[in-house]
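Open your viewer, pick a cartoon view with side chains at hand, and follow along. Each stop tells you what to select and what to look for there.

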Amino acid sequence: MKKINLAQVVNQLSLGGTEKSLEIFSRYLDKDLFNLAVFAAKSGGERYEQLKDSFPTFILNEHKAQFVNLLKERKIDILHVHRAGSEEPFVLAAAKEANVPIIVETKVFGQTDKSQSAKAIDLSIFVSKMCALRYIKKNQLSVEDFFKNN
């Protein structure tokens, strides 16, 4: 069976909760199903040292062309971006340019991104029920409408 090429992406690899979410997802993925690469869109940090020996790990310093090339070279099937949930166009624009077929986000804080670039996201994951409920309330969604796109 062909493995799925997965890119896990976060802004920086510091010790924050968003970065911890990425690390947990990365460490517990089924290695028989996924080839994993980790990307820091903006900068490294303490968590870089914890990840670099376990996974191919790249610090991009917002170099979009480098990111696009790496996504293409690694033939990424799924890009999983870990973020607060507000607009962050760098990662999504690079994924679109690299023709990544599936984009998933983990909304660590359940914020709303109504930007044009957010339309590229195929699935949103919330780290807790509280974050999902906050998102539903803030966007005045019915539960049915929430589950149409998440």
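**First stop: serine 26**

Show leucine 22 and serine 26 together: the backbone oxygen of leucine 22 sits 2.8 Å from a polar atom of serine 26's side chain. This is a predicted model, by the way, so every distance on the tour is computed from predicted coordinates. Serine 26 belongs to helix 1, which covers residues 17-28. An α-helix has 3.6 residues a turn, so residues three or four places apart point the same way.

Is serine 26 buried or exposed? It's buried, because its relative accessible area is 0% and anything under 20% counts as buried. To see its surroundings, select Gln8, Lys31, Leu36, Val38 and Phe55: serine 26 is in contact with these once you set aside its neighbours within four places in sequence.

**Zoom out: the whole chain**

Now hide the side chains and colour by secondary structure. You should find six helices and six strands. Walking along the sequence, the order reads β-α-β-α-β-α-β-α-β-β-α-α. The radius of gyration is 15 Å, close to the 15 Å that the globule rule gives for 150 residues, so the chain is as compact as a globular protein of that length.

If you draw a box along the principal axes, the C-alpha atoms fill roughly 45 × 35 × 30 Å. Of the 150 residues, 45% are buried. Among contacts with a separation of 6 or more, 63% join residues 24 or more positions apart.

Switch to a surface view next. The accessible surface is about 8,200 Å², and carbon and sulfur atoms make up 53% of that. Try colouring by charge, too: there are 22 positive and 18 negative side chains, and the centres of these two sets lie 3 Å apart.

**Strand 1: asparagine 5**

Go back to the cartoon and select asparagine 5, which is in strand 1. With a relative accessibility of 12%, asparagine 5 counts as buried. Where does its side chain reach? Look for the backbone oxygen of lysine 75, 3.0 Å away.

Add the rest of the company around asparagine 5. Leaving out residues up to four places away in sequence, it touches Asn35, Arg74, Lys75, Ile76, Asp77 and Ile78.

**Across to lysine 75**

Centre on lysine 75, in the loop between helix 3 and strand 4. Check its backbone angles: phi is positive, about 50 degrees, although lysine 75 is not a glycine. Lysine 75 is exposed, with a relative accessible area of 62%.

**Helix 4 and what covers it**

Select residues 89-97, which form helix 4, and show the side chains. Which residues of helix 4 are buried? They are Phe90, Val91, Leu92, Ala94 and Ala95.

Now bring up what lies over those buried residues. The cover includes strand 1 (4-12), strand 2 (34-43), helix 3 (64-73), strand 4 (78-83) and strand 5 (102-107). You've already met strand 1, as the home of asparagine 5.

**Just past the end: asparagine 99**

Follow the chain just beyond helix 4 to asparagine 99. It lies in the loop between helix 4 and strand 5. Here's another positive phi in a residue other than glycine, this time near 60 degrees. Is asparagine 99 buried or exposed? It's exposed, because its relative accessible area is 63% and the cut-off for exposed is over 50%.

Keep asparagine 99 selected and draw a distance to lysine 137. Their C-alpha atoms are separated by 33 Å, with the two positions 38 residues apart along the chain counted as their spacing.

**Last stop: isoleucine 136**

Finish at helix 5, residues 129-138, and pick out isoleucine 136. Isoleucine 136 is buried, with a relative accessible area of 14%. Which residues does it touch, not counting those up to four places away in sequence? Select Leu141 and Phe146 to see them.

For one more distance, click the C-alpha atoms of isoleucine 136 and glycine 110. These two are 26 residues apart along the chain, and their C-alpha atoms are separated by 9.1 Å.

Methods
Residues are numbered from 1 along each chain as its sequence is written. This is a predicted model: local features need pLDDT of at least 70, side-chain atom pairs count only at pLDDT 80 or more; totals for chains, interfaces and linings use all residues. Side-chain values use heavy atoms; hydrogens and water are left out. Helices (H or I, at least four residues) and strands (E, at least two) are DSSP runs, numbered from the N terminus. Buried means under 20% relative accessible area, exposed over 50%, partly exposed in between (1.4 Å probe, protein chains only). Contact means heavy atoms within 4.5 Å. A polar contact is a pair of N or O atoms within 3.5 Å; within protein, one must be able to donate a hydrogen and the other to accept it, and residues adjacent in sequence count only if both atoms are side-chain atoms. The radius of gyration is taken over C-alpha atoms; the globule rule is 2.2 Å times the number of residues to the power 0.38. Accessible areas come from the Shrake-Rupley method with a 1.4 Å probe; for residues, only the protein chains shown count as cover. Lys and Arg count as positive and Asp and Glu as negative; His and the chain ends are not counted. The place of a charge is taken as NZ of Lys, CZ of Arg, CG of Asp or CD of Glu.
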